[in-house]
Amino acid sequence: MTLLDGKKVSNEIKDEITLEVAKMKERGEKVPHLAAVLVGNDGASLTYVGSKVRSCKKIGFESTLIHLSSETTEEELLNKVHELNANADIDGYIVQLPLPKHIDEEKVLMAVDPDKDVDGFHPANFGKMALDMETFISATPFGIMELLKRYKVDTQGKHAVVIGRSHIVGRPISILMSQKGEAANCTVTLAHSRTQNIKELTLQADIIVSALGVPHFLKGDMVKEGAVIIDVGITRVSDETKEKGYYITGDVDFEEVSPKASFITPVPGGVGPMTIAMLLKNTLLARERHRNN
């Protein structure tokens, strides 16, 4: 069994980006600038955005955090989005989700300039991804594909079962893995919470990508010998025996599944670190596109 070490690979990617940024500085070019919009004080969002800002500083990007109160109106947020669209100094930006309930997330994401949408959530970018055109790929699926490539996992002609149909992970990774190219060319089955014969499907799978968000959903008796396991789930589970009062786990019962797997991602330290690394990669791509245009 080989551990797909997302922390190690994400650090390699950050080192590669750092070198690119150093070359930009040597040439007297503008370095990439990533902005993040955070509305409210959701704990997980604060942690995630803080990690993005620290990563930017470490690799030499400029970064801007726009922290708005939870009382911010939809109109005020849309105005801020339009400001960022018009600001030539900002190469890419994200609007951290979830947003407060009184704000229409779809309306806000639709307002983001697709050329600055480094999260890859805008329909224009999702559509280009589906058509295998150059675009910003949503960071988590992008990270999964990069992990598979760097570990040279054989995906050609394999049966991949993706569990979870979200627009952020499940649906895009099912499309990417079915396309031609490296870490792809799979026959893909997209399963979800209503799939009735899910164990039957996972037992056939050469590759399983689980993005359901249900702790320990995938058990050892659901996986065949030699399967490749990508665990996208990350859930905080209460546990009074732990110092913090909780532990972090994924969709996969690691103890049961890992002895049967050929490759497996840990949680934490697997897909999670790759998500931030690929967001930075998208921002670098945005800067290069803006320079070339």
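## A lysine to start from

Let's begin with K224, which is partly exposed at a relative accessible area of 28%. This is a predicted model, and in it K224 forms a salt bridge with D206, the closest N and O atoms being 2.8 Å apart. D206 sits in the loop between helix 8 (198-204) and strand 7 (207-210), while K224 belongs to the loop between strand 7 and strand 8 (227-231), so the bridge ties together parts that are 18 residues apart in sequence. D206 is partly exposed as well, with a relative accessible area of 23%.

## Other salt bridges

The count of salt bridges comes to 17, and two further pairs are worth a visit. K30 and D89 meet through their side chains at 4.0 Å, N to O. This pair links distant parts of the chain, 59 residues apart: K30 lies in the loop between helix 1 and strand 2 (33-39), and D89 in the loop between helix 3 (74-86) and strand 4 (92-95). K30 has a relative accessible area of 26%, which makes K30 partly exposed, and D89, at 34%, is also partly exposed.

The second pair stays within one helix. K23 and E20 form a salt bridge of 3.9 Å, N to O, and both residues lie in helix 1 (residues 6-26), three residues apart, or about one turn of the helix. K23 counts as partly exposed at 41% relative accessibility, and E20 does too at 29%.

## The parallel sheet

Now for the strands. Six of them make an open sheet with parallel pairing, in the order 1-11-8-7-5-6. The edges belong to strand 1 (2-3) and strand 6 (187-191); each has a single partner strand, so one side of each is left without a neighbour in the sheet.

Further in, strand 5 (residues 159-163) pairs with strand 7 in the parallel sense over four bridges. If you would like to look at one residue pair there, try I163, whose bridge partner in strand 7 is S210.

## Two nonpolar cores

Nonpolar side chains tend to be buried together in soluble globular proteins. Which residues have the most contacts inside the largest nonpolar core here? They are I144, M177, V209 and I230, in a core of 52 residues. Helix 10 (residues 271-292) supplies the largest share of this core, with nine residues.

I144 makes a handy viewpoint for exploring the region. Leaving aside neighbours within four places in sequence, I144 is in contact with V169, I173, V209, I230, V232 and V271. Two of the names in that list, V209 and I230, also appear among the residues with the most contacts inside the core. A second core, separate from this one, has 17 residues, including A35, I66, V81 and I90.

## Charges over rings

How many aromatic pairs does the structure hold? The number is zero. Aromatic rings do have charged company, though, in the form of arginines. The charged end of R236 sits over the ring of Y246, 4.2 Å from the ring centre. R289 lies over the face of F136, at 4.3 Å from the centre of that ring.

Note on methods. Residues are numbered from 1 along each chain as its sequence is written. This is a predicted model: local features need pLDDT of at least 70, side-chain atom pairs count only at pLDDT 80 or more; totals for chains, interfaces and linings use all residues. Side-chain values use heavy atoms; hydrogens and water are left out. Rings of Phe, Tyr and Trp (its six-membered ring) pair if their centres lie within 6.5 Å; planes under 30 degrees apart count as stacked, over 60 as edge-to-face and the rest as tilted. A charge sits over a ring if NZ of Lys or CZ of Arg is within 6 Å of the ring centre and within 35 degrees of the ring normal. A nonpolar core is a set of buried Ala, Val, Leu, Ile, Met, Phe, Trp, Tyr and Cys residues joined through side-chain atoms within 4.5 Å. Buried means under 20% relative accessible area, exposed over 50%, partly exposed in between (1.4 Å probe, protein chains only). Helices (H or I, at least four residues) and strands (E, at least two) are DSSP runs, numbered from the N terminus. Contact means heavy atoms within 4.5 Å. Two strands pair if DSSP finds at least two bridges between them.
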